[in-house]
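Q: I'd like to learn how to read a structure like this one. Could you walk me through it, feature by feature?

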Amino acid sequence: VQLVESGGGLVQAGGSLRLSCAPSESTFSFAAISWYRQAPGKQRELVAQITRGGGSTNYADSVKGRFTISGDNRKNTMYLQMGSLKPEDTAVYYCNARLRLGPLEADYWGRGTQVTVSS
C-alpha cells in the first residue's frame, strides 16, 4: 500500500491549505484514514481521522472548527482542508491508513508534506 500526499506549502497566518492523500488501494479498503503531524522536537500527533465510508470523524482539540477531513470516492482521494492557520500548525503532515482484518491491524504511512505557517 502506498499513500501519496500533496498540497503542503508556505502560507501566512489566517490562510488556508488543502492537503490530499491518494492511496494505491481503494479508500474503502481501510478501516480509517487519518492525518497526523509532527513539528520539530515534538511527537507525532493525530490531527483528524475519518472512518470507512465517512461513518465518523474525529479531530484534535487544537484544530476543531478549523480543519475538515473528507474524501472523494470518485477520485479515491482523502483531503484535509485547513483554515485559519496558525504558526503552531507548522509541521510535517502525514497521511495514515489503517487496514483491519479481524483481529489484525496494519498501519501505512505516506512520506509527509511540509506545512509552514508564517506569522
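Q: Let's start with the basics: how many helices and how many strands are there in the protein chain?

A: Before counting, keep in mind that this is a predicted model. The protein chain has zero helices and 11 strands. Going along the sequence, you read the pattern β-β-β-β-β-β-β-β-β-β-β.

Q: What radius of gyration does the protein chain have, and what would a compact globule have?

A: The idea is to compare the chain with a rule for its length. For 119 residues, a compact globule would have a radius of gyration near 14 Å, and the protein chain has 14 Å, so the two agree. You can also picture a box: along the principal axes, the C-alpha atoms fill roughly 45 × 30 × 25 Å.

Q: How much of the protein chain counts as buried?

A: A residue is called buried when its relative accessible area is under 20%. Here 40% of the 119 residues count as buried. As for the surface, the protein chain exposes about 6,500 Å², and carbon and sulfur atoms supply 46% of that.

Q: What share of the contacts join residues at least 24 apart?

A: Take the contacts between residues at least 6 apart in sequence: 53% of them join residues at least 24 apart.

Q: Now the cysteines. Which residues form a disulfide?

A: The general idea goes like this: a disulfide is a covalent bond between the sulfur atoms of two cysteines. This structure holds one. C21 and C95 form it, with their sulfur atoms 2.0 Å apart. The pair links distant parts of the chain, as C21 sits in strand β3 (residues 17-23) and C95 in strand β9 (residues 91-101), 74 residues apart.

Q: Is that disulfide left-handed or right-handed, judging by the torsion about the S-S bond?

A: Look at the sign of the torsion. About the S-S bond of C21 and C95 it is about -75 degrees, so the disulfide is left-handed.

Q: And are C21 and C95 buried or exposed?

A: Both C21 and C95 are buried.

Q: Which residue in β8 stands opposite C21?

A: To read strand pairing, look for bridges and for the direction of the two strands. β3 and β8 run antiparallel and are joined by five bridges. Within that pairing, C21 stands opposite M78 in β8. Strand β8 (residues 77-82) is mostly covered, with five of its six residues buried.

Q: How many bridges join β7 to β8?

A: Six bridges join strand β7 (residues 67-72) to β8, and these strands run antiparallel. One pair to find is D72 opposite T77. β7 and β8 make a hairpin with four residues between the strands, where N76 takes a positive phi near 50 degrees.

Q: In the hairpin of β4 and β5, which residue takes a positive phi?

A: That's G41, with a positive phi near 75 degrees, and the hairpin has six residues between its strands. β4 and strand β5 (residues 45-51) run antiparallel, joined by six bridges. A32 stands opposite T51 there. Carry on from β5 and you meet strand β6 (residues 57-59), which pairs with β5 in the antiparallel sense over three bridges. A48 has Y59 as its bridge partner in β6. β5 and β6 also form a hairpin, this one with five residues between them, and G53 in the turn has a positive phi of about 70 degrees.

Q: Could we zoom in on single residues? With which side chain does S34 make a polar contact?

A: For a single residue, check its place, its cover and its partners. S34 is in strand β4 (residues 32-38). It counts as buried, at 1% relative accessibility. Its side chain makes a polar contact with the side chain of Q49 at 3.1 Å. Farther along the sequence than four places, S34 touches residues including I69, Y94 and C95.

Q: What does the side chain of T113 reach?

A: T113 lies in strand β11 (residues 113-118), and its side chain reaches the backbone nitrogen of G8 at 3.2 Å. T113 is buried, because its relative accessible area is 10%. Among the residues T113 touches are L19 and Y93.

Q: Last one: where does P87 lie?

A: P87 lies in the loop between β8 and β9. With a relative accessible area of 34%, P87 is partly exposed. Leaving aside neighbours within four places in sequence, P87 is in contact with A13, V117 and S119. The C-alpha atoms of P87 and C21 are separated by 23 Å.

Notes. Residues are numbered from 1 along each chain as its sequence is written. This is a predicted model: local features need pLDDT of at least 70, side-chain atom pairs count only at pLDDT 80 or more; totals for chains, interfaces and linings use all residues. Side-chain values use heavy atoms; hydrogens and water are left out. Buried means under 20% relative accessible area, exposed over 50%, partly exposed in between (1.4 Å probe, protein chains only). A polar contact is a pair of N or O atoms within 3.5 Å; within protein, one must be able to donate a hydrogen and the other to accept it, and residues adjacent in sequence count only if both atoms are side-chain atoms. Contact means heavy atoms within 4.5 Å. A disulfide is a pair of cysteine sulfur atoms within 2.5 Å. The radius of gyration is taken over C-alpha atoms; the globule rule is 2.2 Å times the number of residues to the power 0.38. Accessible areas come from the Shrake-Rupley method with a 1.4 Å probe; for residues, only the protein chains shown count as cover. Two strands pair if DSSP finds at least two bridges between them.
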